[in-house]
Amino acid sequence: MGWRKFNEKGVCTICGTCEGLVNVATPEQYVYVKACEAHKREVFRNCRADYALAHVDEIMRTAQVPANYCTKTVRDWRSSNALREKVITYTATWPYADDLVLYGPNNTGKTHLAAALIRTGIVRHYQLRHLLFASTWQVAARLGDFKERRAATDELLVPKLLVLDDISVPTNPLALEALYGVLDWRISNRADGYRTIVTMDQDPRDAEPSLGRRIVARLLRMRRMPLVTLTAEKRQSVAESVG
Ligand SMILES: Nc1ncnc2c1ncn2[C@@H]1O[C@H](COP(=O)(O)OP(=O)(O)O)[C@@H](O)[C@H]1O
Ligand SMILES: [Mg+2]
Ligand SMILES: [Zn+2]
């Protein structure tokens, strides 16, 4: 495909016309590619997809995915076929997918899948700089800190795709209030492309006493995906790890 080449000849890299050309900034921003009006979007998309594929690991790190989850993929996430089908259907709707709550016992691959979904988001050219993986306990510590609260809140409102891993109730009431504010704001602004993925170890319907009614009410507006439909092999290992 011609669009890969930086083209100095002054023709559209897709159709070869020399009329009405514009410079399309590639995601690196310091390389421009020529395109006609009709193809400028396509060139941009192609460049971006190319960039995402080449830089996916770096983008994962920038999104603050923990190092040991940076290599996780949907492909190496084991589950029943039915559940895999659900996940694939879900990712196929990027970037318009629903908000999502992943829940299941420990070691069912919630964090793995959440990280893999960020990877999918990158590869499917979700706004590359607008992804964030946040461990809820770390976030909560900052949300409860008087000096850091404002900055921490703002950081959670920027990403178009936010993972809140292991959501649980912050003991600090300031943090709880701020966490609720973040969830509420993000869910209310879905129409502008803000998507949130939450992981937790129980069905949100059972979580009210621990998470509080308002947070649970927000979670119940999100699509719920229980990760308990496991392969026999996995069920075995979960059973072992639980006791
Ligand atoms: N269903 C699964 N498929 C593949 N790997 C899994 C699965 N469940 C757990 N793992 C692996 O086990 C480890 C712990 O999983 P993790 O995602 O942290 O579980 P959780 O967040 O549900 O407690 C990770 O290394 C993960 O890759
Ligand atoms: Mg986890
Ligand atoms: Zn063209």
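**Stop 1: the ligand shell**

Start by selecting ligand 1 and the residues around it: by class, this shell has one nonpolar, seven polar and five charged residues. Keep in mind as you look that this is a predicted model. In total, 13 residues surround ligand 1, and the closest are R78, G109, K110, T111 and H112. Which helix gives the largest share of the shell around ligand 1? Colour helix α3, residues 110–123, and you have it: three residues of the shell come from α3.

Just before α3, pick N107, which sits in the loop between β3 and α3. Its phi is positive, about 65°, although N107 is not a glycine. N107 counts as partly exposed because 14 other C-beta atoms lie within 10 Å.

**Stop 2: the whole chain**

Now zoom out and show the chain as a cartoon. You should find nine helices and seven strands. The chain has 243 residues, and 33% of them are buried. Look at contacts with a separation of 6 or more: residues 24 or more positions apart account for 70% of those in the chain.

**Stop 3: the sheet**

Next, select the five strands of the open sheet, which follow the order β4-β5-β6-β3-β7 with parallel pairing. Which strands are at the edges, pairing on one side only? They are β4, residues 131–135, and β7, residues 223–226. Turn the view and follow the twist, which averages 15° from one strand to the next.

As background for this stop, strands of a sheet pair through backbone hydrogen bonds, either parallel or antiparallel.

You can walk across part of the sheet pair by pair:

- Begin with β3, residues 100–103, and β7: four bridges join these parallel strands. Select V101, and its bridge partner in β7 is R224.
- Move to β3 and β6, which also pair in the parallel sense, over four bridges. Here Y103 stands opposite M200 in β6.
- Go on to β5 and β6, which run parallel and are joined by four bridges. Select L164 to find its bridge partner in β6, V198.

**Stop 4: inside strand β6**

Stay with β6 and select residues 195–200. Is this strand enclosed or open to the outside? Six of the six residues of β6 are buried, so the strand is largely enclosed by the rest of the structure. Show the side chains and you can sort them into two sets: R195, I197 and T199 point one way, while T196, V198 and M200 point the other way, and all are buried.

Now centre on T196, one of the residues of strand β6. T196 counts as buried because 25 other C-beta atoms lie within 10 Å, where 20 or more are needed. Leaving aside residues up to four places away in sequence, T196 touches D99, L162, L164, R186 and I187. Add L100 to the selection too: T196 and L100 are 96 residues apart in sequence, but C-alpha to C-alpha they are 6.5 Å apart in space.

**Stop 5: two helices, α4 and α5**

Select helix α4, residues 136–143. This helix packs on the sheet, touching β4 and β5 (161–165), and its direction makes about 85° with that of β4.

Then add helix α5, residues 149–157: α4 and α5 pack at an angle of about 140°, with their axes 7 Å apart. That angle makes α4 oblique to α5, because over 145 degrees would be needed to count as roughly antiparallel. Which residues make the contact? On α4, select V139, R142 and L143; on α5, select R149, A152, T153 and L156. By class, this contact has four nonpolar, one polar and two charged residues.

**Stop 6: helix α1 and the loop after it**

For the last stop, select helix α1, residues 40–62, and find L53 within it. Is L53 buried or exposed? L53 counts as exposed because it has 11 C-beta neighbours inside 10 Å. Show R124 as well: L53 and R124 are 71 residues apart in sequence and 9.1 Å apart in space, C-alpha to C-alpha.

Finish on Q64, in the loop between α1 and α2 (81–92). Like N107, Q64 has a positive phi of about 65° although it is not a glycine. Q64 is partly exposed, since 16 other C-beta atoms lie within 10 Å.

Technical notes: Residues numbered from 1 in each chain as written. Chains lettered and ligands numbered in written order. Predicted model: local features only at pLDDT ≥ 70, side-chain atom pairs only at ≥ 80, totals over all residues. Pairing = 2+ DSSP bridges. Axes fitted to C-alpha atoms, helices over the stretch in contact; angles between N-to-C directions. Contact = placed C-beta atoms within 7 Å. Near = placed C-beta within 6 Å. Nonpolar A, V, L, I, M, F, W, Y, C, P; charged D, E, K, R; others polar. Buried ≥ 20, exposed ≤ 12 C-beta atoms within 10 Å, placed from the backbone. Parallel < 35°, antiparallel > 145°, perpendicular 65-115°, else oblique.
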